Structure formats: C-alpha cells, structure tokens
Amino acid sequence: MQAILHEPLLTMALRVFLALLFATAALSKLSRIEEFYGVVRNFRLLPDGLSRVVAFVLPVFELAVAVGLVIRPLAVPAAAAAAALLIVFALALAINVVRGRTYIDCGCFRQGLKQPVSWLLVGRNIVLTALALAVAYLLPSVPAAGLADGFVGLMAGVLAMVLYFSASLLGGLAAAQSSTHSAKGR
C-alpha cells in the first residue's frame, strides 16, 4: 500500500484533477460573476457587503489554487489551501441543509444548471478535501514523475475531471427535471 501511495503517477493524477476542478469552477464563476454573487447571497451566511467581496475574490483565489497545484514547488501549500476551501464549502452546504434550505443552488459550477444543496454534496466536498489533504501529505515524499508517469498521471487526472464534471451535469439535469415536474404539478 505504501508503494502505491508514493507512486508519482497517483499524486500527478490527483494534482491534475484538483487543478482542473478549481480552474473550471473559477472560470465559470468569473464568467457569470453577478449570478455567482446572487448564489453567495443566497447562502445567507455573510452580510451583503461581504457577499459581494467574496463573490469577486473567491474565483480568483480558486484560480490561484489551480495554478499552484500544477507547479510542483507550490503544490503542497496549494493543496492545503484547496482542502481549507473545500471544508469551508462543505460547512456552508451543511448549514443550509440543516436550515432546510435545500432548494438553493450550490454554486459549484455556473454552467446554467442549478444543483440544489444536499448531504450528498457535503459528502462530496469531504471526499475532495481528503484528496487535497492526501496530496499535501504525500507529495513531499514522492519522487518527481518521469515523462511516462507524468503523461499517464495527466491523462488520468483529465479523465477523472471529465467523469466528475459529467456526473455534476447529470445531477443538474436531474434537479432541473425534478423542478419542472414540480412546477407542472401545481
């Protein structure tokens, strides 16, 4: 098990996956910044003025985390920052689920499909936090990836992101279909 955990291919795949995750989230938020401001306000965790600041600063910070994950000397602090962000997101989601506000959009990706908050999303963020912490913990003791390991790790990370994003879109489609049926049933 130790040999697998210290495999350069594994940490490369995790870094690529997390970098793509944060870059995709950041770019989609930046492209619809006013909509994302509404999402932040809808969580009702911050005063209105602070919600605007968070809506503008958060995507830039996410983009910096994504870039840091790709650059090996910056990858450990970037992975730690990613874990901190993901646990904050999980807490924000959990607070709203406990409040019964499961109809609000999670704001994860601004692709036009709303994804209601749920315990499933809280769990997803906890798993992602664990992956980011694994990168921060393992990377200092993992040798640099060679060309073959680097390429396979890159492709594995890209594939993981494609699967993750596809599952996210399916979740958004299911939520949209469910709300359409609810609206017709009124």
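**Close-up 1. Leu30 and its neighbours in this predicted model.** Leu30 touches Pro59, Val60 and Leu63, leaving aside residues up to four places away in sequence. Leu30 itself sits in helix α2, a helix that spans residues 8-31. With a relative accessible area of 35%, Leu30 is partly exposed, because that value falls between the 20% limit for buried and the 50% limit for exposed. For a sense of scale, pick out Ala79: it comes 49 residues from Leu30 along the chain, and the two C-alpha atoms are 21 Å apart.

**Close-up 2. Helix α3 and its buried side.** Which residues of α3 are buried? They are Ile33, Phe36, Tyr37, Val39 and Val40. These residues cover an arc of only 160° around the axis, so they end up on the same side of α3. As for what lies over them, the cover includes α2 and α4. If the spacing looks familiar, here's the general rule: an α-helix has 3.6 residues a turn, so residues three or four places apart point the same way.

**Close-up 3. Arg44, just past the end of α3.** Follow the chain on from α3 and you come to Arg44, with a positive phi of about 55°. That's the angle to look at here, since Arg44 takes it although it is not a glycine. Where does Arg44 sit? Its place is in the loop between α3 (33-42) and α4 (48-70). Arg44 is exposed, because its relative accessible area of 54% is over the 50% cut-off.

**Close-up 4. The largest pocket.** This one has a volume of about 630 Å³. It is lined by 31 residues, and those closest to the centre are Lys29, Phe36, Leu58, Phe89 and Ala92. You've already met Phe36 as one of the buried residues of α3. Several helices have a hand in the lining: α2, α3, α4, α5 and α6 each supply at least two residues. Which helix gives the most? That's α5, with eight residues; this helix runs over residues 72-98. By type, the lining divides into 26 nonpolar, two polar and three charged residues.

**Close-up 5. The second largest pocket.** Here the space comes to about 260 Å³. Going along the chain, the lining starts with Gln115, Pro116, Ser118, Leu120, Leu121 and Arg124, then picks up again with Tyr164, Ala167, Ser168, Gly171, Ala174 and Ala175. Two helices to find in this view are α6 and α7 (147-184), and each supplies at least two lining residues. The largest share belongs to α7, with six residues. How do the residues of this lining divide by type? There are seven nonpolar, four polar and one charged.

**Close-up 6. Val122 in helix α6.** Val122 is found in α6, the helix that covers residues 119-138. Buried or exposed? Val122 counts as buried, because its relative accessibility of 7% is under the 20% cut-off. Look for its contacts at Ala90, Leu93 and Ala94, not counting residues up to four places away in sequence. Ala79 serves as a marker again: it is 43 residues from Val122 along the chain, with 19 Å between the C-alpha atoms.

**Close-up 7. Pro143 in the loop between α6 and α7.** Pro143 touches His6, Pro8 and Arg72, once residues up to four places away in sequence are set aside. How far apart are the C-alpha atoms of Pro143 and Thr11? They are separated by 9.9 Å, although these residues are 132 places apart along the chain. Pro143 is partly exposed, with a relative accessible area of 48%.

**Close-up 8. The disulfide between Cys106 and Cys108.** How many disulfides does the structure hold? Just one. Its partners are Cys106 and Cys108, and their sulfur atoms lie 2.4 Å apart. As a reminder, a disulfide is a covalent bond between the sulfur atoms of two cysteines. Both Cys106 and Cys108 are buried.

Terms used. Residues numbered from 1 in each chain as written. Predicted model: local features only at pLDDT ≥ 70, side-chain atom pairs only at ≥ 80, totals over all residues. Heavy atoms only, no water. Disulfide = S-S within 2.5 Å. Buried < 20%, exposed > 50% of the residue type's maximum accessible area, 1.4 Å probe, protein only. Helix = DSSP H or I, 4+ residues; strand = E, 2+ residues; numbered from the N terminus. 1 Å grid on protein atoms, 1.4 Å probe; cavity = no way out; pocket = protein on both sides within 12 Å on 5 of 7 lines; lining within 4 Å. Points joined across faces, edges and corners; volume = space filled by probe spheres on them. Nonpolar A, V, L, I, M, F, W, Y, C, P; charged D, E, K, R; others polar. Arc of directions from axis to C-beta. Contact = heavy atoms within 4.5 Å.
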